[in-house]
Amino acid sequence: MRTLCVVALAATGLAAGATGATAAELPRWGFAVVRTGPVVDTLRQAGSWPEGAGVEATAGGPGQVFVKFPQIGAATGGVAHVTAISRSADWCQVQDWWQSGADEIVAVQCHRHGVGPVASWFSLTFGHSAVYLPAPQAFGYVHWDGSAVAAQFNSSAPTAVNTAAPLTSPGLWRVTLPGLGSAGHAGNIQVTAVEPDVPARCKLGGWTATTAAQSIVVRCYDAAGAPLNTGWSLTYQRERPLVWAPQTYRFAYTFDNDPTAVGTYVPTPYQVSHNSRSAGVQLNRYGVARKQVIFGGLDGYRDNVQVTAFGYGPEFCNLSAPWELSSAYVSIRYVTCYNGATQIDHPAMVAYVAR
């Protein structure tokens, strides 16, 4: 699949010769929103590349887009996350990512339940990290390539190694992040399917926090909702952004763990929500599968939102529209979840980052 992608990129001028790994890799990251066309939203992209560079996108097959993050190519490692932006039962998966010259290419494939590949808007991140953090901050990721851990990072210490192990049922894994533990649930988790060949989507299937480690269950499904053995990416963040952005960047996250709560509520325990501006987090239910998330004080630009469903079945979540900015807050309207093509109330985790 990568060979075919490189051929397609070459035809549009986005491909270049591959390079080897450097002796010491600095954190590299980027995010973008891609509209149908495909067109990159210039006001919703940022990254560790030099000023003046920008994200590019080109179409592949039906529902497929190749996204070029400039000058942040990583020979190995890193993880990518993607969320569909649609008023329909759409989801997007990452097919693969790779270094092309100085750049990083991420292949994204979007689908609609019961329809097949579709050209959907989506929000995408890529991150590669190598910096350690003092507690209570924590950051870790795992890329499972379908058979083994292909990349991992743990911010607690160079000797801390994240693990992933398939469980007895298909489409089910347990991920352990040692050294990133907490006394109860704290932080945020994002999971994305990484599958080049067939429709796939992944979610959080369980979460246990101890002071020694975060223990997370990943569940993955095919287009029909049957358990699927596939690849995936997982990122855990606590009091840090979803990508390794500078400290000047603003960020927030929350866990909608009571999706049927009427009216306005703040999730508990409070540690599952965080706002880097200490301005509060608020969720509002406007009807079935219509959950508004407000992060106060984050009147940023060049920003990104990711959403991951939480639970035991094949349900999935997306964003029904791009988020809205005001001078005092960010409004995500709405996080929408589906069981098949039916909108439902369902737990979900939401992460936001802004320049």
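Is Ser-278 buried or exposed? Ser-278 counts as exposed, at 71% relative accessibility; the cut-offs are under 20% relative accessible area for buried, over 50% for exposed and partly exposed in between, with a 1.4 Å probe and protein chains only.

The model is predicted: local features need pLDDT of at least 70, side-chain atom pairs count only at pLDDT 80 or more, and totals for chains, interfaces and linings use all residues. Residues are numbered from 1 along each chain as its sequence is written, and side-chain values use heavy atoms, with hydrogens and water left out.

**View 1. Ser-278 and Ala-289, non-glycine residues with positive phi.** Ser-278 has a phi of about 55° and sits in the loop between β20 and β21 (281-285). Strands here are DSSP runs of E with at least two residues, helices are runs of H or I with at least four residues, and both are numbered from the N terminus. Ala-289 has a phi of about 60°. The loop that holds Ala-289 runs between β21 and β22 (291-296). Ala-289 is buried, with a relative accessibility of 4%, whereas Ser-278 is exposed.

**View 2. Cis peptide bonds preceding Pro-136 and Pro-269.** The bond from Ala-135 to Pro-136 is cis, with omega near 10°. Pro-136 belongs to the loop between β9 (121-128) and β10 (138-144). The bond from Thr-268 to Pro-269 is also cis, with omega near -5°. Pro-269 is placed in the loop between β19 (263-265) and β20 (274-275).

**View 3. Surroundings of Thr-83 in strand β5.** Strand β5 covers residues 79-85. Thr-83 is buried, and its relative accessible area is 2%. A polar atom of the Thr-83 side chain lies 3.1 Å from the backbone nitrogen of Val-307. Residues up to four places away in sequence aside, Thr-83 touches Trp-121, Phe-122, Ser-123, Val-305, Gln-306, Val-307, Asn-318 and Leu-319; contact means heavy atoms within 4.5 Å.

**View 4. Surroundings of Asn-304 in strand β23.** Strand β23 spans residues 303-309. Asn-304 is buried, at 1% relative accessibility. The side chains of Asn-304 and Ser-123 make a polar contact at 2.8 Å. A polar contact is a pair of N or O atoms within 3.5 Å; within protein, one must be able to donate a hydrogen and the other to accept it, and residues adjacent in sequence count only if both atoms are side-chain atoms. Not counting residues up to four places away in sequence, the residues touched by Asn-304 are Phe-31, Ala-32, Ser-123, Leu-124, Thr-125, Trp-323, Ala-351, Tyr-352 and Val-353. Gly-63 is 241 residues from Asn-304 along the chain, and their C-alpha atoms are separated by 21 Å.

**View 5. The disulfide of Cys-92 and Cys-110.** A search of the whole structure finds three disulfides, a disulfide being a pair of cysteine sulfur atoms within 2.5 Å. In the pair shown here, the sulfur atoms of Cys-92 and Cys-110 are 2.1 Å apart. The torsion about their S-S bond is about 100°, so the disulfide is right-handed. The pair links distant parts of the chain, 18 residues apart, with Cys-92 in strand β6 (residues 90-100) and Cys-110 in strand β7 (residues 103-112). Cys-92 and Cys-110 are both buried.

**View 6. The disulfide of Cys-202 and Cys-220.** The S to S distance between Cys-202 and Cys-220 is 2.1 Å. With 110° about the S-S bond, this link is right-handed. Cys-202 lies in strand β15 (residues 201-209) and Cys-220 in strand β16 (residues 213-221), so the disulfide ties together parts that are 18 residues apart in sequence. Cys-202 and Cys-220 are both buried.

**View 7. The disulfide of Cys-317 and Cys-337.** The sulfur atoms of Cys-317 and Cys-337 are 2.1 Å apart. Their link is right-handed, with 95° about the S-S bond. Cys-317 is in strand β24 (residues 316-319) and Cys-337 in strand β26 (residues 329-339), so the pair ties together parts that are 20 residues apart in sequence. Cys-317 is buried at 10% relative accessibility, and Cys-337 is buried at 3%. With the bonded cysteines of the chain numbered in sequence order, the pairing reads 1-2, 3-4, 5-6.
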